[in-house]
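Let's take a walk through this protein together, starting at one spot on the outside and working our way in. Keep the 3D view open as you read.

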Amino acid sequence: MMGSPRWKLAAVTLLVILGCLTPVSGDEHDHTYTDKEEVVLWMNTVGPYHNRQETYKYFSLPFCAGSKKTISHYHETLGEALQGVELEFSGLDIKFKEEVMQTTYCEIDLDKAKRDAFVYAIKNHYWYQMYIDDLPIWGIVGEADENGEDHYLWTYKKLEIGFNGNRIVDVNLTSEGKVRLVPNTRISMSYSVKWKKSDVKFEDRFDKYLDPSFFQHRIHWFSIFNSFMMVIFLVGLVSMILMRTLRKDYARYSKEEEMDDMDRDLGDEYGWKQVHGDVFRPSSHPLIFSSLIGSGCQIFSVSLIVIIVAMVEDLYTERGSMLSTAIFVYAATSPVNGYFGGSLYAKQGGRRWIKQMFIGAFLIPAMVCGTAFFINFIAIYYHASRAIPFGTMVAVCCICFFVILPLNLVGTILGRNLSGQPNFPCRVNAVPRPIPEKKWFMEPAVIVCLGGILPFGSIFIEMYFIFTSFWAYKIYYVYGFMMLVLVILCIVTVCVTIVCTYFLLNAEDYRWQWTSFLSAASTAVYVYMYSFYYYFFKTKMYGLFQTSFYFGYMAVFSTALGIMCGAVGYMGTSAFVRKIYTNVKID
């Protein structure tokens, strides 16, 4: 029994990791109350209105708290910690269905330093956020007069809480009591609570925060319809062109088979059949290539599963639940990465499979964590709430090493053993065939640059809605639209990469693996370019922290999108190439 403490420690550690991974409700109760039961008003963060991610602790401004100090413990989830949620008790005494007349709960001794802090906050349009029973409330710190010389602080929080039975279903805040900021004075902070019956159902209490006029606008529907018509047109065009062209190619190659050797030598042989001995040659840098394909397949799986979960469950009703769900799903789908990356690396004759497995497992986490680590330095310098705590960093590292890596290893072993044997329809020549000269627009670099235009065109309207929900004060909830756009993006990407690969092979250039991947992945370049347009023309962001946060995480988002599109494009093109070379007779 000497080893029992170690087993207990291991069990506790495992439970902590699983607790961080599992998307749970971020509150200490089940949203039901009895009469006169304590209702907690949490103060979350404060920050400039135009910089949504630049947030600070509420009491970093010289606000004062109420006199009530005792409160039950609050548990933070991993998603909340990463998103900078900093809940602190307000100290206000609020009880269920018990009204409170205007009551002073504290006083601020306003010296020059405190006045300057409030003036700075008012000049930069600082807003603060509070929570009652997981329902968010926003209020403004103060306002300036028309000349911008005098500044006023809102000192009276007028709360109106709606209840249905024993549940809270609505919260409204009215800021009153405008007081001019004068140094060396005392400002009284007050609040009142009014309870009213409401017909709103508990399940529908978040509907007031949604914006159907924005997300279900006619333009949104039109963009989906437009993208859908583009898919029908593109699929029809690709099918017609390729079927007719391939039929002619097959007829020409069959005719050549009937010629004798003299006629065949004198004939003008050209086209994709000529590279049959090189088309299945391993790509350059197979280790990196297979790791990218595996990571792209995993990102696609995560996107699909998270969107389905978001369609079924209203993830926006719980703080940090979307991020927690994404981390949980990403860790759980690690075998997908290992399977596709490991099997592709084995097919291409790779021998350093352990190194490939490590690169595949840590490619995306290293990119995300590296960017977060860089932005974290700026957040610490700013004393922002977005600074990730050390304990959260340790939890993320534990997830990477003790969940993602073992599952990736399982997927790699399965991929190498189940589908790692090269079963190509054509034999690969020992000596590579020289690539003939071709016109400039058939070069792989040109194809890569042009390949991402159509996929980007099918999603850029949806990008606007996604950007607005993340960088502005909107809650994205139309995940059915997002699912349609994901399907449309995949179809358009596969069609475009197949056409690009056909033209490349027809020019007798067999370097199609990287070309198909990069031509699809170039969608990310256009998305990142669009993010510059969105930043300068659609937002009023400013400052080092918000700018670095925006462009840093937009680079992560664009890169992940590019890897996903590249993997989808390659998988579709690979099936196409295998199909056309299976159907042609090779000597």
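**From a surface patch to the core**

Start with Met229, which lies in helix H5, spanning residues 218-258. This is a predicted model, so please read every value here as computed from predicted coordinates.

Is Met229 buried, exposed or partly exposed? Its relative accessibility is 39%, and because partly exposed covers the range between 20% and 50%, Met229 counts as partly exposed. Met229 also has company: together with Phe222, Phe225, Phe228 and Ile232 it makes a nonpolar surface patch of about 530 Å².

Now step back to the whole chain. It has 17 helices and ten strands, and its C-alpha atoms fill a box of roughly 105 × 70 × 45 Å along the principal axes. The accessible surface comes to about 29000 Å², with 64% of that belonging to carbon and sulfur atoms.

Next, look inside. Of the 587 residues in the chain, 49% are buried. In soluble globular proteins, nonpolar side chains tend to be buried together. Here, the largest nonpolar core has 145 residues, and those with the most contacts inside it are Ile94, Val141, Ile168 and Tyr581. Apart from this core lies another, of six residues, including Val40, Trp42, Val85 and Leu87.

Tyr581 is a good place to zoom in. Setting aside neighbours within four places in sequence, Tyr581 is in contact with residues including Trp272, His276, Phe280, Pro425 and Leu505. For the chain as a whole, among contacts with a separation of 6 or more, 83% are between residues 24 or more positions apart.

Conventions
Residues are numbered from 1 along each chain as its sequence is written. This is a predicted model: local features need pLDDT of at least 70, side-chain atom pairs count only at pLDDT 80 or more; totals for chains, interfaces and linings use all residues. Side-chain values use heavy atoms; hydrogens and water are left out. A nonpolar core is a set of buried Ala, Val, Leu, Ile, Met, Phe, Trp, Tyr and Cys residues joined through side-chain atoms within 4.5 Å. Buried means under 20% relative accessible area, exposed over 50%, partly exposed in between (1.4 Å probe, protein chains only). Contact means heavy atoms within 4.5 Å. Patches are made of residues with over 30% relative accessible area and no salt bridge: like charges are joined within 9 Å, nonpolar side chains (Val, Leu, Ile, Met, Phe, Trp, Tyr) within 5 Å. Accessible areas come from the Shrake-Rupley method with a 1.4 Å probe; for residues, only the protein chains shown count as cover. A salt bridge is a side-chain nitrogen of Lys or Arg within 4 Å of a carboxyl oxygen of Asp or Glu. Helices (H or I, at least four residues) and strands (E, at least two) are DSSP runs, numbered from the N terminus.
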